[in-house]
Amino acid sequence: MAVSQSANVLEKAMGHVEGGVTEQNMTNPDRDREKYGDPSGEKMKALVWNGKNSVEVVETHKPKIIEDRDVILKVTGSTICGSDLHLYHGAVIQLQKGDILGHEFCGRVDSVGPGIKNLKPGDRVVASFQIACGDCMYCQKKLSSQCERTNTNKVENIMYGGRTAGMFGYSHFTGGFAGGQAEYARVPYGDVNLLPLPDDVPDEKGLYLSDVLSTSWNCVVDTGVKEGDVVAIWGAGPIGQMCAEMSFMRGAKRVIVIDGGPAAWRLDLVKSKTPKVETLNYTDLPKGETVTSKLKEMEHGGPDVALECAAGEYAKGIGHKIELALGLETDTSEIINEMITSVKSYGRCGITGVYVGFTNHFNIGGLMERGIRLIGNGQAPVHLYWKDLLKMIQDGSLDSSIMLSHRVNIDEMDTLYQKFDARADNLQKVFVQTRFSDPPAPGTPALTSWK
């Protein structure tokens, strides 16, 4: 929490990088109702961050159009992501109390700015989690997550040697944009960052083009999964689950999914949906046996490919737990080291789980001596993939509903965060409805309530 506050002070003192093309650091219309709130005075429900491990559903003002290419959405579906837990825990810097969270959402167009020519009120759309300008060097290549013009945060620029695009609901570190865990959302450059949804794709499937499907596909494709590969996946959450499915789609011979502890139940869930998957529960390993030794026992030399779909904030060993608690590192290297020692020589390791800063005890020797390819998959460039993934949903070759486990109302989203963080109630991927949502699509979960 102190680090996040310090980063906010530092950013304010240094100023922003030049070249921004859209209003930033507007994470809640109530920060300046006159400037950002709809003149009708209409209120909406939204999930806000109040501090470490504290979120709350509040009433705030509906946002208004402030730029020519803005679109205001009536949110008809949002969700919670493992990446949201990094915000919840305060692991991502530059959060401020009252920030509206949520980077995955879909909806119906409520109103459009005068520069919008391809959308009209009533259109069903899904938003990409990143905000792209559509014109810069990266956007011209559809590498939308690296847009040069929608995030002018100088702290990120210094830490990473460059900046990601602005992102919805993901702190001032990524531009400071209000998120979509709300009843309304403002989408800058709406003509670029919204994809129309056809009638044959319900929100319960189309929503996940926003992030999880594109992120999973990027992980598999960018790490180079190919015909005949043996793939090991760390993490059996929604990203890991979809990476398993997509690895088979790319021709993998075997897929082994690794998880354990309070999340071990997810291994059974993934196996039930994709029976070809093999599972490894690290908490069940006998004394003296490790994930690496078990994988080499299961496959001579180890897997060809390792995919990190967990994240760097979850330490297993006492040493890394202490270093994280003392601020001596921001991310543990344990999973990455397991991947390096587990794969075959000249194997490929892709990192898709979120890592935000610096790590200790990284096995650079194993990486160099055995020729391991370590690939940072980056924030997935949604615009590069989402049209093709939509076609896969339409033709039935990709079924995003295999990860959908629950439907809840936005009123209970603060409770959802607590339960999702605890890996409770077999929560895998959730559809969060609002007052604007359609009734549940056939074959999707009924409403769950904890009231």
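**Strands, helices and a nonpolar patch**

Let's start at one residue pair: W234 sits opposite I258 of strand β12. Thanks for coming, everyone, and please keep in mind that this is a predicted model.

So, which strand brings W234 to that place, and how do the two strands run? Strand β11, residues 230-234, is joined to β12 by five bridges, and the two run parallel. Between them in the unit comes a helix: β11, α9 and β12 together make a β-α-β unit, and its hand is right.

On the other side of the story is strand β13, residues 278-281, which is parallel to β12 and linked to it by four bridges. If you want one pair to look for on your screens, I256 has E278 of β13 as its bridge partner. To get from β12 to β13 the chain passes through helix α10, residues 265-273, and this β-α-β crossover is right-handed too.

Now, how many residues of β12 are buried? Strand β12 covers residues 254-259, and six of the six are buried, so the rest of the structure largely encloses it. A quick reminder about strands: in a regular one, side chains alternate between the two faces of the sheet. In β12, R254, I256 and I258 point one way, while V255, V257 and D259 point the other way, and all of them are buried. Do notice that R254 and D259 are on that buried list along with the isoleucines and valines.

Let's move to a helix. Why do we call α8 largely enclosed? Helix α8 spans residues 212-222, and nine of its eleven residues are buried, so the rest of the structure wraps most of it. The buried ones run through V212, L213, S214, T215, S216, W217, N218, C219 and V220. And what covers them? The cover includes two helices, α9 (238-249) and α15 (382-395), and two strands, β14 (305-308) and β18 (429-433). You have met α9 already, as the helix of the unit with β11 and β12. After α8 comes G224, and its phi is positive, near 85°.

Another mostly covered helix is α13, with eight of nine residues buried. Those are E334, I335, I336, N337, E338, M339, I340 and S342. I'd like to pause on E338, which belongs to α13, residues 334-342. Its relative accessible area is 16%, and because the cut-off for buried is under 20%, E338 counts as buried. Leaving out residues up to four places away in sequence, E338 touches W234, V291, T292 and K316. So we are back at W234, the residue we opened with opposite I258.

S342, also among the buried residues of α13, leads us to K296. K296 is located in helix α11, residues 291-298, and is partly exposed at 32% relative accessible area. Although K296 and S342 are 46 residues apart along the chain, their C-alpha atoms are separated by 6.8 Å. Beyond its neighbours within four places in sequence, K296 is in contact with T341, S342 and V343, as well as G301, G302 and R370.

Next, a separate sheet. What is the strand order there? It is an open, three-stranded sheet ordered β2-β1-β4, and the pairing is antiparallel. The edges are β2 (54-61) and β4 (99-100), each of which pairs on one side only. Strand β1, residues 43-51, pairs with β2 over eight bridges, and there A46 faces V58 of β2.

M413 is a good companion to that sheet. It is part of helix α16, residues 413-421, and with 0% relative accessibility M413 is buried. Not counting neighbours within four places in sequence, the contacts of M413 are L47, V57, S78, T79, I80, Q181 and V432. S111, by comparison, is 302 residues from M413 in sequence and 26 Å away in space, C-alpha to C-alpha.

Last stop, the outside. Which residues form the nonpolar patch on the surface? They are I318, I322, L326 and L328, with about 440 Å² of accessible area together. I322 belongs to helix α12, residues 318-325, and at 44% relative accessibility is classed as partly exposed.

That's my tour; I'm happy to take questions.

Terms used:
Residues numbered from 1 in each chain as written. Predicted model: local features only at pLDDT ≥ 70, side-chain atom pairs only at ≥ 80, totals over all residues. Heavy atoms only, no water. Patch = residues over 30% accessible without salt bridge, like charges linked within 9 Å, V, L, I, M, F, W, Y side chains within 5 Å. Areas by Shrake-Rupley, 256 points an atom, 1.4 Å probe, with all protein chains shown as cover. Salt bridge = Lys/Arg side-chain N within 4 Å of Asp/Glu carboxyl O. Buried < 20%, exposed > 50% of the residue type's maximum accessible area, 1.4 Å probe, protein only. Contact = heavy atoms within 4.5 Å. Pairing = 2+ DSSP bridges. Right-handed = clockwise from strand over helix to strand, strands pointing away.
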